[in-house]
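Here is a short report on one structure. It starts with a pair of packed helices and then widens to the chain and its interface.

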Amino acid sequence: MADYYSSFEPKGTRWLLQRLTAAFLVVVLAFHFMLLHFVNHAAEITFQGTAIRMSQLGYFLTMVLFLVTATFHGVNGVYNALVNQGLSGTGKTAVKYGLALAGLLLIVQGVRVALAMTTII
Amino acid sequence: MSQSYDRGLIEDFGRWREFSAGMWAWVLHKFTGWVLVGYLFTHVAVLSTATVDGTTYTNTLQALESVVIVRFLEVGLLAVAVFHILNGLRLLFVDLGVGLESQDRSFYASLILTAAIVVASIPTFLEGVF
């Protein structure tokens with residue numbers, strides 16, 4: 001009987017973080033879609049509306065946490081997929097640091113963009 | 001206690017006719033994951049170029065939203081995101097050891113629910129573009 005299959009070893013910090021970020025992202029990604037496509041229609045988005053939303057501290061912090069968790073979940077997912085496909089040795093090390101750098105740059109740039117949309121700071 | 005399951009190599013995609021529900025779930029979760037992470041980088045890049053000043057931001061977003069193909073791509077993105085969310089919930093339950101006996105049925109439920117949500121969302125996503 002097929003009881004259990006997972007491409008991950010159920011051990012370690014990255015394994016746990018991938019699942020904790022998943023649980024958070026399930027809620028926040030659905031909220032993001034609902035707010036910016038159904039509550040506010042995407043075609044009617046203006047900078048003024050974005051600035052009002054982003055200037056609320058709770059919303060701003062949620063969006064920054066959304067960025068950080070989505071980046072980790074996505075970049076770690078790509079790394080896991082590549083390792084699962086047989087990536088090893090020097091290539092694995094290069095991909096690990098390359099993805100970590102890309103993720104870090106995305107977070108830095110994402111926070112810069114978020115700050116440009118707010119009047120908090 | 002978990003047991004290993006010899007399902008053969010899923011990476012050998014030439015065997016796709018023999019794939020079980022769980023293997024299709026794996027393939028679709030990987031595919032939608034690649035799309036979402038690609039979109040995440042694109043999304044931040046587009047917002048970065050748009051957030052020069054308020055007028056540029058509003059004009060860029062409204063110009064993009066006036067293009068029919070963009071609206072259809074958004075429907076595609078919704079489909080990808082909804083499936084990844086629903087199948088992701090299924091995976092969280094699998095990891096918790098809940099509902100293992102119905103993991104194939106929960107995959108079919110993810111597909112049907114994704115289709116229903118996407119079809120119901122099409123009028124909202126295409127509103128005003130034609």
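In this predicted model, helix H3 (residues 57-84) of chain A packs against H1(B) at an angle of about 130°, with the axes 10 Å apart. Axes are lines fitted to C-alpha atoms, for helices over the stretch in contact, and angles run from 0 to 180 degrees between N-to-C directions. H3(A) is therefore oblique to H1(B). Angles under 35 degrees count as roughly parallel, over 145 as roughly antiparallel, 65 to 115 as roughly perpendicular and the rest as oblique.

H3(A) contributes Ala70(A), Thr71(A), Gly74(A), Val75(A), Gly77(A), Val78(A) and Ala81(A) to the contact, and H1(B) contributes Lys30(B), Gly33(B), Leu36(B), Val37(B) and Leu40(B). Two residues are in contact if their C-beta atoms, placed from the backbone, lie within 7 Å.

The wider interface joins 35 residues of chain B to 35 residues of chain A. H1(B) gives the largest share of the chain B side, 10 residues.

| Helix of chain B | Residues |
|---|---|
| H1 | 21-50 |
| H2 | 54-65 |
| H3 | 68-95 |
| H4 | 103-126 |

Each of these helices supplies at least two residues of the side that touches chain A. Chain B has four helices and zero strands. Helices (H or I, at least four residues) and strands (E, at least two) are DSSP runs, numbered from the N terminus. The C-alpha atoms of chain B fill a box of roughly 60 × 30 × 30 Å, taken along the principal axes.

Residues are numbered from 1 along each chain as its sequence is written, and chains are lettered from A and ligands numbered from 1 in the order in which they are written. Local features need pLDDT of at least 70 and side-chain atom pairs count only at pLDDT 80 or more, while totals for chains, interfaces and linings use all residues.
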